Amino acid sequence: HFGGLSSQGGPGSCGASNSSGESSKESSRCSTPVLDADRSDRLRDKMRRRIESGDHWFSLEFFPPRTASGAVNLISRWSERKGKLLVNVNKADEDDVAFCRFDRMGSGGPLFIDITWHPAGDPGSDKETSSMMIASTAVNYCGLESILHLTCCNQTKDKITGYLGKAKHLGLKNIMALRGDPVGADWEEEEGGFNYAVDLVKHIRSEFDDYFDICVAGYPTGHPEAESYQQDLRHLKEKVDAGADFVITQLFFRAETFLKFLDDCRTIGITCPILPGIFPIQGYQSLRQLVKLSKLEVPEEITSILEPIKDNDAAIRNYGIQLAVEMCRVLLDSGKVPGLHFYTLNREVATMEVLRQLGLWTEDPRRPLPWAVSAHPKRKVEDVRPIFWASRPKSYIYRTQDWDDFPNGRWGNSSSPAFGELNDYYLFYLKSKSSKEALLQMWGEELLSEESVFEVFTFYITAQSNRCGQKVLCLPWNDEPLAQETNLLKDELEKVNRRGVLTINSQPNINGKPSTDPIVGWGPAGGYVYQKAYLEFFTSSENVTALLKVLKKYEPRVNYHIVNVHGRNLTNAPDMQPNAVTWGIFAGREIVQPTVVDPVSFMSWKDEAFALWIEQWAKLYEDESPSRMIIQYIHDNYFLVNLVDNDFPLDNCLWQVIDDMFELLDSPAAPPCEDATP
């Protein structure tokens, strides 16, 4: 939607639930049951509904990256352009980034993801690369139902309690309780800690009652340290009896291995869901390492095929995909396996191909709401936001994370105490996922004038290569490629950007498109969506002088808000009230109004929007350099403008407003306007 930059369904872009007849599979795709808040959003209940309906599902495992840049890339979006990465990745980060993206993998509809816990990596800290923060990011910013692994290794009881409390505060609702692998060769007892996963399960239930859904591990061939297979089954039953809700197994290589294990579990009274852990073989060395860690043996019929092709990664991956597909089909056809859990190794190609061949990868163009939905339980009533953060949803979620209340149904006056402060915008998510070198190639090693900046915006809109042959794939206000909706405005956007109306956000007017429309649709099927034309841009004070004169003849049809970095504020918003610019009508529901232009929060957005000129662009250049001074001049002297055309059934008049502004500027008799000066 947000055309000066990109529209973004985002990680919440899965099919919305519809209580009037859509399948259980449909209703469980989204982490937050938007527009259907009366249904439980607990993971175990989602599983139960899918099992009862006979719908199969899949889930995915990831490990935390080692570097901050790896973390940025793990949570960032994947280019739809032939599946290529959007950014240059340092060689050292390749193992962290691989080809995996939460947003990309989330688009296929996993029921949940899980994040592993590695004691050596400070997993419970606030570091960007910690297990805790990656899981929190997946829930809060990517809208993915997530399970955080937690191990007993090197942990005291008090430390574990602290981690669980922190996880609850961050909105994490699911824990995978594990003993964990020993740091050395043998397990060493921790004074005041736990030695077995069952003790951890009991502790979670004792300290946090029923807040967390708890998963535990199962071993289809028995735990390597267990005295026997039968003893290990008894230990698994102890974990379930202590309060575990479901089981995910260690990997295995034959379908019959899991099916026997499943039957044995049922025989001794384990009735909860048991999900098979699937590992698509992707490389010879990664298989050897995983087998070594898990102390498993690879069947001879597999090794005999792998050995001759061990140096051919493509051949091994293709074989691994087919082997996984065949095994998964046997499992699903048995009627005993409701879902599959994939060990991705943070790589997406093989897992996605397996899921596609199984018919489980189901990308749905519909979004629950026009913006990415957070899966934090506290935010599940949130169904309306200001449009300004459309291209920066992670920033908005971060800045409102401490709010006690979230708007539900309509956005009132945001100066009310019911709304919290919009917190500081200098944060991790302000950073671009592109390297400094990549940004300079896109935005200019050297800027010669303001017109050089105009060109950067224009190249971004047109997707054409710049003078150095580099495509501009992002801007400071949007780290993503353009969305499909932008194509509806592309010609007009190109024209105005060339003349210094630097658009950072826009949407076309829409009058009753089906909610299933692949470009502008959102919400349950069978509804209709509407939009007022919206345009947001930076432009010079000279342009604003003319614009203010032109706007007088468009009132009250066009609402405007114009502000500069110094706080000079010009608006015709009636009583500073919000203006709904997106809404939807669905069977059996009140009108849903998810996006507004709010004059009060616009002033908070203004701070962030202007800061991006300096923090992301100007700081690429040396102090006092001409390039830096040009960006600094724009920051200090340009205005941020938003325009709303309220008459959505008619043709968008905002382009005519801009044309009239330029016509007045081009007229030799154009008088000055003191109101627009900084």
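**Exercise 1. Is Glu 353 buried, partly exposed or exposed?**

Start with the ground rules. This is a predicted model, where local features need pLDDT of at least 70, side-chain atom pairs count only at pLDDT 80 or more, and totals for chains, interfaces and linings use all residues. Residues are numbered from 1 along each chain as its sequence is written, and side-chain values use heavy atoms, with hydrogens and water left out.

*Step 1.* Learn the cut-offs. Buried means under 20% relative accessible area, exposed means over 50%, and partly exposed lies in between (1.4 Å probe, protein chains only).

*Step 2.* Apply them. Glu 353 has 29% relative accessibility, so it counts as partly exposed.

*Step 3.* Place the residue. Glu 353 sits in helix 14 (residues 349–358). Helices (H or I, at least four residues) and strands (E, at least two) are DSSP runs, numbered from the N terminus.

*Step 4.* Look across the chain. Asn 318 is 35 residues from Glu 353 in sequence, and their C-alpha atoms are 9.5 Å apart.

**Exercise 2. Describe the protein as a whole, then judge where to trust the model.**

*Step 1.* Count the elements. The protein has 22 helices and 18 strands.

*Step 2.* Check burial. Of its 678 residues, 60% count as buried.

*Step 3.* Check contacts (heavy atoms within 4.5 Å). Among contacts with a separation of 6 or more, 76% join residues 24 or more positions apart.

*Step 4.* Read the confidence. pLDDT is the predictor's confidence in each residue, from 0 to 100. The protein's mean is 84, and 84% of its residues reach 70 or more.

*Step 5.* Find weak stretches. Residues 1–34 stay under 50 in pLDDT, and the model gives them 153 contacts beyond four places in sequence. Residues 77–100 also stay under 50, with 60 such contacts. Where pLDDT is low, the predicted coordinates should not be read in detail.

**Exercise 3. Trace strand 1 and its place in the barrel.**

*Step 1.* Check its cover. Strand 1 (residues 57–62) is mostly covered, with six of its six residues buried.

*Step 2.* Sort the side chains. In a regular strand the side chains alternate between the two faces of the sheet. In strand 1, Trp 57, Ser 59 and Glu 61 point one way, while Phe 58, Leu 60 and Phe 62 point the other way.

*Step 3.* Find the partners. Two strands pair if DSSP finds at least two bridges between them. Strand 1 pairs with strand 8 (residues 339–343) in the parallel sense over five bridges. Strand 1 also runs parallel to strand 2 (residues 112–115), joined by four bridges.

*Step 4.* Name some bridges. Ser 59 partners His 341 in strand 8. Leu 60 has Ile 113 as its partner in strand 2 and Phe 342 as its partner in strand 8.

*Step 5.* Close the circle. Eight strands form a closed barrel in the order 1-2-3-4-5-6-7-8, with parallel pairing. On average, neighbouring strands of this sheet are turned by 30° against each other, direction ignored.

*Step 6.* Add helices. Helix 2 (residues 43–53) packs on the sheet and touches several strands, including strand 1 and strand 2; its direction makes about 145° with that of strand 1. Helix 13 (residues 313–333) lies across strand 7 and strand 8, at about 170° to strand 7. For these angles, axes are lines fitted to C-alpha atoms, for helices over the stretch in contact, and angles run from 0 to 180 degrees between N-to-C directions.

**Exercise 4. Why is helix 6 described as largely enclosed by the rest of the structure?**

*Step 1.* Count. In helix 6 (residues 131–140), 10 of the 10 residues are buried, so the helix is largely enclosed.

*Step 2.* Name examples. Among the buried residues are Ser 131, Ile 134 and Asn 140.

**Exercise 5. Work out the setting of Asn 505 and Ser 601.**

*Step 1.* Take Asn 505. It lies in strand 10 (residues 502–507). Its relative accessibility is 1%, so Asn 505 is buried. A polar atom of its side chain is 3.1 Å from the backbone oxygen of Ile 387.

*Step 2.* Take Ser 601. It belongs to helix 20 (residues 599–617). At 4% relative accessibility, Ser 601 counts as buried. Its C-alpha is 7.4 Å from that of Pro 386, although 215 residues separate the two in sequence.

*Step 3.* Find its side-chain partner. The side chains of Ser 601 and Asp 598 share a polar contact of 2.8 Å. A polar contact is a pair of N or O atoms within 3.5 Å; within protein, one must be able to donate a hydrogen and the other to accept it, and residues adjacent in sequence count only if both atoms are side-chain atoms.
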